[in-house]
Amino acid sequence: MGSVETQVATDSQSQEVTDGFHLVIDALKINGIDTIFGLPGIPITDFARKAQAEGMRVISFRHEQNAGNAAAIAGFMTQKPGICLTVSAPGFLNGLTALTNATTNCFPMILISGSSEREIVDLQQGDYEEMDQLAIAKPLCKAAFRVLHAEDIGVGIARAIRAAVSGRPGGVYLDLPAKLFGQTVEAQVGKNSLIKVVDPAPRQIPAPDAVQRALDLLKGAKRPLILLGKGAAYAQADEDIRALVERTGIPYLPMSMAKGLLPDTHDQSAAAARSFVLPGADVVLLIGARLNWLLSHGKGKTWGGKDHKAWGGQKFIQIDISPQEMDSNVRIDAPLVGDIGSCVGALLAGIGSGWAKPPADWLGAIEERKSKNLAKMAETLAKNPVPMNFHSALNVVRDIVKANPDAVLVNEGANALDFTRSIVDMYKPRKRLDVGTWGIMGIGMGFAVGAAVVGRDPVIAIEGDSAFGFSGMEVETICRYNLPVCIVIMNNNGVYGGTDKNPTGGPDVAPTVFVKGARYDKMMEAFGGVGVNATTPAELRRAMEEAIRSRKPTLINAVIDETAGTESGRITSLNPQSAKKK
Ligand code: FYN
Ligand code: ADP
Ligand code: MG
């Protein structure tokens, strides 16, 4: 703006002007967006600089996908769209995986990418980083927009924000061609064109008859069950959800990212009796959870059906903001469409104070199954094998999280994911961040940075050695911003494990095997962080305690028995089998 101001001072006829750079920054700022995750380059380098100069937090990454994952998880944690900023074509594509993953998981996020000359791109004349980004983004996110004129920036940002957070949240693509940034308009005209979005995620009140239908069904249940999904965690209706669970006395099952919405140690948690309650329940109340693959589509053997397509006989009440979610897999007998806060509030009002607890035989049977599984788990966790296995290492993590319930737990891998989910109890809402609906690998360091930047609490990332590889270079980012992130690599020498052999006897190792005895801790040391090689639970405990205490970037290479774990963790059955035996 320096040259513009000089011009204004010397020419009394001319108006003060602003430009595309500043209008985008101002439009974000008046909507309370104060952080950008990205990776600078043509044509958005100066934009990133100017955003920082204007007081925004600009966090630069080493790969756009990780910046995108940071933005996505910031959106999940704050209900404000997380912003990811990338360059054109390749940078845009790198960010797009994160945008699509955010959309799949219902996280609000906006991917802002610079783009090349429209007239050259559209005639396919071969521009620098040429790509029709808008067309490519459209089918892969919730909404996609392009702004061509500086006067339209306010509307463009407003539309992007509304699309990201209203209704079912999701990812939005915003295409900003290079030429837009330099366009000038009169400052006052520019200011007037900005929109402060009023009520970006309007409440959606459920219809009274739909509430009554749900209450009637729930009231008649003999073996009711509540299923909490990450939509329930996102909704930040924590008190009401807890009240609904406790006042009805209905057992509940948290999906992975809903763990901690009520503490996992809660009496009514049926997490440790999962394979008992799903087929056993007669009425299931779904709160912000979809009947997708993670819930075996609401049918089949998991639900007590005779074969994989057969209905188990349950009746479903589903609370969801998206009307189209209803009947997506099985019949929903009582759809309750609205925002979770309003729907749960309406149920609570209808329940009143005289609600009868579920029949004692149902609760007793769950308790019996649960205590058996808890005892079995305690027995396994008490063992101390050499070398460490997942259980003995995660027993330490379990204690550390218990002692630090505000810490955020990021988790990815196969065995490293599945064992952590069932072993490490969570105590507070939105503290467990993981691979979500897709089972994606690569969210680890992006989520860790995002969580550390938008929250104040330390972050613990439990990573499979394979999963870590997808975003491992961001340890430099973690050190650069001095973030309180403690990464624990469950190092068992490979994808799933390190034991496969090349059947031909040739020089290449098997496709699942990595360098044996790799020292990931040295990567952290290379950038000035703390690296620890831990071969025993005691060493792991000491290193984690110190990391939480010091808040220094730390990477612990936890050496795990390479034979521990199973192929694909608990989802082995998803691997196709060859009919040809050789
Ligand atoms: C759970 N369980 C427990 C506890 N919590 N036992 C004792 N103590 C505690 N605290 C029991 C629970 O009853 C189950 O046993 C078992 O542990 C596993 O529980 P979980 O994890 O809840 O159940 P399950 O069957 O694994 O859940 C299915 C799933 C889940 C699909 C929702 O696996 C999932 O979220 N998977 C994500 C996988 C993924 O995305 N992977 C990334 C790609 S890996 P039983 O009741 O005896 O069954 C690429 O290869
Ligand atoms: P999980 O994987 O934990 O089971 P899902 O991602 O499958 O959870 O489901 C989340 C659901 O929550 C989605 O169907 C989404 O539409 C819904 N949802 C998200 N936010 C809200 C909200 N504020 N109110 C109502 N429903 C919501
Ligand atoms: Mg491994």
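Reader: Which residues of helix α3 (residues 45–53) are buried?

Author: In this predicted model, the buried residues of helix α3 are Phe47, Ala48 and Ala51.

Reader: What puts Phe47, Ala48 and Ala51 on the same side of α3?

Author: Around the helix axis these buried residues cover an arc of only 100 degrees, and therefore they lie on the same side of α3. The buried residues of α3 pack against α2 (20–30), β2 (35–38), β3 (57–60), β4 (82–86) and α9 (178–182), whereas the face turned away from the buried side carries the exposed residues Arg49 and Ala53.

Reader: Why is Asp46 called partly exposed?

Author: The relative accessibility of Asp46 is 33%, and partly exposed is the class between buried, under 20%, and exposed, over 50%, so Asp46 counts as partly exposed. Lys50, with a relative accessible area of 22%, is also partly exposed.

Reader: What makes the pair Asp46 and Lys50 a salt bridge?

Author: The closest N and O atoms of Asp46 and Lys50 are 4.0 Å apart, and the definition asks for a side-chain nitrogen of Lys or Arg within 4 Å of a carboxyl oxygen of Asp or Glu, so the pair is listed as a salt bridge. Being four residues apart in helix α3, Asp46 and Lys50 are separated by about one helical turn.

Reader: How do you know that the salt bridge of Glu476 and Arg62 ties together parts that are 414 residues apart in sequence?

Author: The side chains of Glu476 and Arg62 meet at 3.0 Å, N to O. Glu476 lies in helix α21 (residues 475–480) and Arg62 in the loop between β3 and α4, so the salt bridge ties together parts that are 414 residues apart in sequence.

Reader: Is Glu476 buried or exposed, and what is the relative accessible area of Glu476?

Author: Glu476 has a relative accessible area of 14%, and since buried means under 20%, Glu476 is therefore buried. Its partner Arg62, at 41% relative accessibility, counts as partly exposed.

Reader: What makes a set of residues a nonpolar core, and how many residues has the largest nonpolar core here?

Author: The term asks for buried residues of the nonpolar kinds, joined through side-chain atoms within 4.5 Å, and the largest such core has 58 residues. Those with the most contacts inside this core are Phe37, Phe76, Met109, Tyr173, Val410, Leu433 and Ile487, while its largest share, eight residues, comes from helix α4 (residues 64–78). A second, separate core of 39 residues includes Ala27, Leu28, Leu85 and Val87.

How values were computed
Residues are numbered from 1 along each chain as its sequence is written. Chains are lettered from A and ligands numbered from 1 in the order in which they are written. This is a predicted model: local features need pLDDT of at least 70, side-chain atom pairs count only at pLDDT 80 or more; totals for chains, interfaces and linings use all residues. Side-chain values use heavy atoms; hydrogens and water are left out. Buried means under 20% relative accessible area, exposed over 50%, partly exposed in between (1.4 Å probe, protein chains only). Helices (H or I, at least four residues) and strands (E, at least two) are DSSP runs, numbered from the N terminus. The arc is that of the directions from the helix axis to the C-beta atoms. Contact means heavy atoms within 4.5 Å.
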